[in-house]
Amino acid sequence: MKKITESTEFNYPIDAIWNIISDISRSDWVPGVDKITLDGDTRIFEMEGMGDLVEKIISCDEKNYELKYSAIKTAVPIEHHLALIKLTKSGDKTLFSWSTEIDPEIFSDAIQQGMRESLKELQRVLDS
């Protein structure tokens, strides 16, 4: 199992970012996702050419600004996936920390690239 971590500081208040992240049906900051459908505690990502990705939302903790989720159905065979997004207030800025555990490790580079691209899109959404 491999653990991947990405961190970025945004020049936006924590609540502005949390409003985007905690809306688990929102897909505008996740590249390649056409639509997200919710079904109870799961969200289904529809992605052209890649099929559906299904994630279980483990927790969406407004008090601690944390979103924890796990991919439970993917186009590739993964044995373990667990991700945590945590926001921390830093003055007028926000530290965005995103960690993912993945097994098998062969998928770690693709997951990390997806995390980086999502952070770039999040910046674009915040700026617009």
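Is Pro31 buried, partly exposed or exposed? I shall begin with this residue and then turn to the chain as a whole. Pro31 counts as partly exposed, because its relative accessibility is 37%, and buried would require under 20%. The residue is located in the loop between α1 and β2. Setting aside neighbours up to four places away in sequence, Pro31 is in contact with Glu117, Ser118 and Glu121. A further distance may help you to place the loop: Pro31 and Gln112, 81 residues apart in sequence, have C-alpha atoms 13 Å apart.

Please keep in mind throughout that this is a predicted model.

Let me now describe the overall architecture. The chain contains two helices and seven strands. Their order along the sequence is β-α-β-β-β-β-β-β-α. The C-alpha trace spans about 40 × 30 × 25 Å along its principal axes. For 128 residues, a compact globule would have a radius of gyration near 14 Å, and the chain agrees with this, having 14 Å.

Next, the contacts and the surface. Taking contacts between residues at least 6 apart in sequence, 47% of them join residues at least 24 apart. Of the 128 residues, 36% count as buried. The exposed area of the chain is about 7,200 Å², and carbon and sulfur atoms supply 48% of that area. As for charge, there are 15 positive and 24 negative side chains, and the centres of these two sets lie 4 Å apart.

I turn to the interior. In soluble globular proteins, nonpolar side chains tend to be buried together. In this model, the largest nonpolar core has 31 residues. The residues with the most contacts inside this core are Ile21, Trp29, Ile85, Phe96, Trp98 and Leu122. Elements that give two or more residues to the core include both helices, α1 (14-21) and α2 (108-127). The strands that do so are β1 (2-10), β3 (42-47), β4 (51-61), β5 (66-73), β6 (80-90) and β7 (93-103).

Which residues does Ile21 touch, not counting those up to four places away in sequence? They are Trp29, Leu67, Ile85, Phe96 and Leu122.

I would now like to visit several individual sites, beginning with the loop that holds Pro31. Ser27 is also found in the loop between α1 and β2 (35-39). Ser27 is buried, because its relative accessible area is 18% and the cut-off for buried is under 20%. Beyond its neighbours up to four places away, Ser27 touches Val33, Asp34, Lys35 and Ile36.

The next site is on strand β1, where Glu9 has its place. Glu9 is partly exposed, with a relative accessible area of 43%. Apart from residues up to four places away in sequence, Glu9 touches Ser90, Lys93, Thr94 and Leu95. The C-alpha atoms of Glu9 and Phe45 are separated by 26 Å, with their positions 36 residues apart along the chain.

Phe45 appears again at the following site, Leu53, which is found in strand β4. Leu53 counts as buried, at 19% relative accessibility. Leaving aside neighbours within four places, Leu53 is in contact with Arg43, Ile44, Phe45, Met47, Ala71, Lys73 and Thr74. Its C-alpha atom is separated by 7.0 Å from that of Ala75, and these two residues are 22 apart along the chain.

Two features of the backbone also deserve attention. Tyr65 is found in the loop between β4 and β5. Phi of Tyr65 is near 55°, a positive value in a residue other than glycine. Tyr65 counts as buried, at 19% relative accessibility.

Where is the cis peptide bond that I wish to point out? It joins Asp103 and Pro104, with omega at about 5°. Pro104 has its place in the loop between β7 and α2.

That loop also holds Phe107. Is Phe107 buried or partly exposed? Its relative accessibility is 21%, and therefore Phe107 counts as partly exposed; the limit for buried is under 20%. Leaving aside neighbours within four places in sequence, Phe107 is in contact with Val76, Pro77, Ile78 and Ile102. The C-alpha atoms of Phe107 and Val76, 31 residues apart along the chain, are separated by 8.9 Å.

To close, I return to the overall picture: a predicted model with two helices and seven strands, and a largest nonpolar core of 31 residues. Thank you for your attention.

Terms used
Residues are numbered from 1 along each chain as its sequence is written. This is a predicted model: local features need pLDDT of at least 70, side-chain atom pairs count only at pLDDT 80 or more; totals for chains, interfaces and linings use all residues. Side-chain values use heavy atoms; hydrogens and water are left out. Helices (H or I, at least four residues) and strands (E, at least two) are DSSP runs, numbered from the N terminus. The radius of gyration is taken over C-alpha atoms; the globule rule is 2.2 Å times the number of residues to the power 0.38. Buried means under 20% relative accessible area, exposed over 50%, partly exposed in between (1.4 Å probe, protein chains only). Contact means heavy atoms within 4.5 Å. Accessible areas come from the Shrake-Rupley method with a 1.4 Å probe; for residues, only the protein chains shown count as cover. Lys and Arg count as positive and Asp and Glu as negative; His and the chain ends are not counted. The place of a charge is taken as NZ of Lys, CZ of Arg, CG of Asp or CD of Glu. A nonpolar core is a set of buried Ala, Val, Leu, Ile, Met, Phe, Trp, Tyr and Cys residues joined through side-chain atoms within 4.5 Å.
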